[in-house]
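Please open the structure in a viewer and keep the selection tool at hand. The stops below are to be taken in order.

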Amino acid sequence: MSAQAPTIPLLTPYKLGKFNLSHRVVLAPLTRWRSYNNLPQPHAILYYSQRTTNGGLLIAEASGVSDTAQGFADMPGLWSKEQVEAWKPIVDAVHAKGGVFFCQIWHAGRVSNSGAFSNKWSAPISCTDKPLTPQVLSDGVDVAEFTPPRQLRTDEIPQIVNDFRLAALNAIEAGFDGVEIHGANGYLIDQFMKDQVNDRTDQYGGSLENRCRFALEIIEAVVNKTGPVNETGADKVGIRLSPFADYMESGDSNPEALGLYMVQSLNKYGILYCHVIEPRMKEAAVKSESADSLLPTRKAFNGTFIAATFSGTFMANGGFDREDGNNAVAEGGADLIAYGRWFLSNPDLPKRFEFNAPLNKWYA
């Protein structure tokens with residue numbers, strides 16, 4: 001009888017706060033454009049439960065924190081009671097199979113068209129009034145057009161911060177185990193952080209500290225305990241960042257400094273995890289060579305590198321396959337690896353990784 005093959009690093013257990021994960025393969029948040037009237041639909045029960053394993057972590061698709069947050073039509077939201085109720089059976093199906101389920105909460109900012117709003121005359125809001133040029137979609141044919149944004153007034157920003165807080169509480173009410181704040185991919189929080197976009201002259205623009213202020217105010221609002229029952233709390237909060245990316249014309253002149261400043265600032269809040277996109281993914285769905293590394297950012301998150309372990313949970317995303325995902329975990333580059341397109345085309349991805357089975361090709 002032959003000896004059992006050793007367990008690959010991606011399939012080793014991991015303790016994520018109070019959650020005991022059975023492996024380190026995470027379902028990345030993936031926009032589906034199938035939530036009519038901003039309500040997640042019953043077919044999402046099958047979609048998410050197919051990708052659930054006992055002890056596996058899933059991050060639900062980006063869900064808007066308000067009607068002004070929607071970047072595209074048919075995106076789900078978490079600002080109304082009706083949306084909370086629509087999410088409940090989906091969350092229940094994931095929990096029934098033993099999964100851990102977080103929801104990504106977002107605001108698209110200027111990456112939007114006013115047709116996505118219930119008030120069709122509204123302009124998208126951003127840190128700037130600089131318009132976003134039309135973007136060719138991943139199919140290489142269709143082009144997305146964006147309505148010119150309106151720069152938020154300083155006195156309006158606290159309302160947007162509170163929208164994130166309320167959406168997080170709604171996610172917990174819907175049964176999610178926690179939330180991931182979307183601070184990446186050129187959307188509103190990323191727009192504030194990146195000096196290519198942010199041209200403000202108030203306390204939310206100019207210096208690195210000022211540009212990150214909006215993101216950190218959202219973190220603080222979400223992690224604060226806001227009630228005796230539906231508390232969010234730091235142990236239920238993650239954030240996604242993409243300091244090196246230039247998605248939607250949101251680049252930065254010093255991405256390494258931006259990433260380091262953000263994770264060092266996050267340390268005082270004690271959030272559950274930091275989810276960062278690899279420098280090789282400067283553009284959406286385009287993997288390229290990069291001399292930059294997430295390792296300094298990873299080391300800075302929640303303290304220091306001690307006895308081959310880090311104190312904060314660090315999740316990496318962006319162009320990983322089975323081999324380099326294993327290497328990243330084995331070499332201490334990340335605790336968890338989020339997979340998007342491969343998980344989309346292979347609902348049983350952890351099992352395929354276990355047997356090193358062929359993967360179904362994903363299509364744009």
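Begin by selecting C127, which counts as buried because its relative accessibility is 0%. The model on display is a predicted one. Select C212 next: its relative accessibility is likewise 0%, so C212 is also classed as buried. How many disulfides does a search of the whole structure find? The search returns 0 disulfides.

**Aromatic pairs**

The same kind of search, run for aromatic rings over the whole structure, gives 11 pairs. For one of them, select F19 and F102 and display the side chains. The ring centres are 5.9 Å apart and the planes meet at 80°; because an angle over 60 degrees counts as edge-to-face, the F19–F102 pair belongs to that class. Now colour strand β2 (residues 19–21), which holds F19, and strand β5 (residues 100–106), which holds F102. The pair therefore ties together parts that are 83 residues apart in sequence. Are F19 and F102 buried or exposed? Both F19 and F102 are buried.

Keep F102 selected and add Y273. These two residues form a further aromatic pair, with 5.8 Å from centre to centre and 50° between the planes, and the pair is tilted. Y273 lies in strand β12 (residues 273–277) and F102 in strand β5, so that distant parts of the chain, 171 residues apart, are linked here. Y273 is buried, as is F102.

**The ring cluster and helix α1**

Clear the selection and choose Y47, Y48, W87, F101 and F176. Ring pairs link these five residues, Y47, Y48, W87, F101 and F176, into a cluster. Then select helix α1 (residues 43–50), in which Y47 and Y48 are buried together with A44 and S49. Which elements do the buried residues of α1 pack against? Display β3 (25–27), β4 (57–64), α2 (81–96), β5 and α9 (341–345): these are the packing partners of the buried α1 residues.

**V161 in helix α3**

For the last stop, select V161, which is found in helix α3 (residues 157–173). V161 has a relative accessibility of 8%, and it counts as buried because the cut-off is under 20%. Next show F214, E217, I218 and A221: V161 touches these residues, when residues up to four places away in sequence are not counted. Finally, draw a C-alpha to C-alpha distance between V161 and I219; it should read 8.8 Å, for residues that are 58 apart in sequence.

How values were computed. Residues numbered from 1 in each chain as written. Predicted model: local features only at pLDDT ≥ 70, side-chain atom pairs only at ≥ 80, totals over all residues. Heavy atoms only, no water. Phe/Tyr/Trp six-rings, centres within 6.5 Å; stacked < 30°, edge-to-face > 60°. Helix = DSSP H or I, 4+ residues; strand = E, 2+ residues; numbered from the N terminus. Buried < 20%, exposed > 50% of the residue type's maximum accessible area, 1.4 Å probe, protein only. Contact = heavy atoms within 4.5 Å. Disulfide = S-S within 2.5 Å.
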